[in-house]
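Please describe this protein chain for a first-year student, going from its overall layout to its cores, cysteines, salt bridges and surface.

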Amino acid sequence: MRLKQHSPSATDYVNASHLSLLGSSKRFIASQGPLPTTFRDFWQMCDQEHVGVVIMLTNLHEAGREKCGRYWVTQRDGEWDVKVEGDAAHEEEDGERLAAEKASAANGPAGGFFTAFEGKAEKDDAAAAACKDSTVRRTITVQRRPRGGGSDAEVMSQPRKIRHIQYRAWPDFDIPAEPADVVSLVDEVDAAQRDYMREVGWDVSAHGGLEPPILAHCSAGVGRTGVFIMVSSLLAQLRQDLTARRLSAA
C-alpha cells in the first residue's frame with residue numbers, strides 16, 4: 001500500500017494490502033505486524049484509510065521469536081501521539097505466553113489442523129481453559145503531532161479512536177485453541193465496526209456502498225490474517241444470502 005504522507009528519509013511503501021469479497025460492503029486491510037521501525041507507517045496507514053477497528057491475531061513473541069512490536073503503548077515522542085486505555089491497556093507479555101501455552105495444550109503436542117478432531121473429549125477442558133482470557137481489548141487514540149509552524153501545522157490530524165482486539169490463543173502455523181473462537185471474533189469485530197461507524201457518522205451510501213476497512217494482522221499478515229478475513233467475508237455473504245432467501249419465501 002502507498003502512503004500519502006511519509007518521512008523524507010523513508011519510502012512511501014507499507015507492507016499491507018486491501019482485500020474484499022466481490023459484492024460485499026465489508027473491506028479489510030491485511031497487514032504485517034508492526035515493528036518499532038514501522039510503527040509510524042502503521043499509524044499513518046490507519047489514519048489515511050479511516051481505520052477504526054484493528055484485529056490482532058498474534059502474540060508479541062512466539063517460539064522464542066519476536067512476532068510483533070508493542071505498538072499500542074503510550075508514546076510521547078515521535079510523529080504520533082499514542083494513548084491507550086481500558087482494563088487491559090497494559091497487558092503484560094506473561095499473559096500472552098500463558099494464552100499461547102493453553103492453546104498448545106488444547107491442540108495437542110503435535111498441533112496442526114487434524115489434531116483438532118482427535119481425542120476431542122480429552123481436549124474439552126483444555127480448550128475451555130484456553131478460551132479464558134484469550135482476548136484482550138484496548139482503546140487506542142492516535143493523533144499526528146504538528147511538526148512546526150506555518151504549513152507544517154496543517155498536517156496535524158484529528159484524534160482517531162481505534163478499537164483494538166487481540167486474540168492470543170492462535171499459535172503461528174497452527175489452529176486456534178477453540179475453532180469456534182474465530183466465529184466469536186468475527187462477531188465481536190463486526191460489532192466494534194458498527195460502533196465505530198455510528199461514532200463517526202459513516203454513511204455507507206456516501207462511500208460507494210462500502211464500509212471503512214477493518215485492519216487485520218498477525219506476524220507476516222498472510223496466514224492467520226488471511227483465514228480470519230476469509231471466514232469473516234464468507235460468513236457475511238452466507239448471512240446475507242440466508243436473509244434474502246427468508247424474505248423471498250415470506
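The report below starts with the whole chain and then turns to single residues and pairs.

**Overall layout**

The structure is a predicted model. The protein chain contains five helices and nine strands. Their order along the sequence is β-β-α-β-β-β-β-α-α-β-β-α-β-α. Of the 250 residues in the protein chain, 45% are buried. Contacts between residues at least 6 apart in sequence can be sorted by how far apart the partners are: 70% of them join residues at least 24 apart. The exposed area of the protein chain is about 13000 Å², and carbon and sulfur atoms supply 54% of that area.

**Nonpolar cores**

The largest nonpolar core consists of 24 residues. Within this core, the residues with the most contacts are F42, W43, M45, Y71 and L215. At least two residues each come from α1, β3 (53-56), β6 and β7. Helix α1 gives the largest share of this core, namely five residues.

L215 shows what such contacts look like for a single residue. Leaving out residues up to four places away in sequence, L215 touches I29, S31, F42, M45, C46, V51, V53, V54 and I55. Apart from the largest core lies another core, of 22 residues. Its members include Y167, A169, A192 and I214.

**Two cysteines**

C46 sits in helix α1, which spans residues 39-48. The relative accessible area of C46 is 0%, so this residue is buried. Beyond its neighbours within four places in sequence, C46 is in contact with V51, R160, I162 and L215. C46 and V142 are 96 residues apart along the chain, yet 9.3 Å separates their C-alpha atoms.

C68 is also a buried residue, because its relative accessibility is 2%. Why does C68 form no bond with the closest cysteine sulfur? The closest cysteine sulfur belongs to C218 and is 9.4 Å from the sulfur of C68, which is too far for a bond. A disulfide is a covalent bond between the sulfur atoms of two cysteines. The cut-off used here is 2.5 Å between the two sulfur atoms, and the structure holds zero disulfides.

**Salt bridges**

The count of salt bridges comes to 14. Three of the pairs are set out in the table, with the distance between nitrogen and oxygen.

| Pair | N to O distance |
|---|---|
| E79 and R144 | 2.2 Å |
| K161 and E199 | 3.3 Å |
| R239 and D187 | 3.2 Å |

Consider the pair E79 and R144, whose side chains meet in a salt bridge. E79 lies in the loop between β5 (65-66) and β6 (80-85), while R144 lies in strand β7 (residues 135-144), so this pair ties together parts that are 65 residues apart in sequence. Both E79 and R144 are buried.

Next come K161 and E199, which form a salt bridge. K161 is in strand β8 (residues 160-167) and E199 is in helix α4 (residues 180-200), so the bridge ties together parts that are 38 residues apart in sequence. K161 has a relative accessible area of 34% and is therefore partly exposed. E199 is partly exposed too, with a relative accessible area of 42%.

The salt bridge between R239 and D187 links two helices. R239 belongs to helix α5 (residues 223-249) and D187 to helix α4, so parts that are 52 residues apart in sequence are tied together. The relative accessible area of R239 is 37%, which means that R239 is partly exposed. D187 counts as partly exposed as well, at 33% relative accessibility.

Salt bridges can also share partners: in this way E62, K67, D172 and R224 are joined into one network.

**A nonpolar surface patch**

Which residues make a nonpolar surface patch of about 260 Å²? The patch is made by V227, M230 and L234. V227 is placed in helix α5. The relative accessibility of V227 is 33%, so V227 counts as partly exposed.

**Points to keep**

Helix α1 holds C46 and supplies five residues to the largest core. Helix α5 holds V227 of the surface patch and also R239, the partner of D187 in helix α4. L215 is one of the residues with the most contacts inside the largest core, and C46 is among the residues that L215 touches.

Definitions and conventions: Residues numbered from 1 in each chain as written. Predicted model: local features only at pLDDT ≥ 70, side-chain atom pairs only at ≥ 80, totals over all residues. Heavy atoms only, no water. Helix = DSSP H or I, 4+ residues; strand = E, 2+ residues; numbered from the N terminus. Buried < 20%, exposed > 50% of the residue type's maximum accessible area, 1.4 Å probe, protein only. Contact = heavy atoms within 4.5 Å. Salt bridge = Lys/Arg side-chain N within 4 Å of Asp/Glu carboxyl O. Patch = residues over 30% accessible without salt bridge, like charges linked within 9 Å, V, L, I, M, F, W, Y side chains within 5 Å. Areas by Shrake-Rupley, 256 points an atom, 1.4 Å probe, with all protein chains shown as cover. Core = buried A, V, L, I, M, F, W, Y, C linked by side-chain atoms within 4.5 Å.
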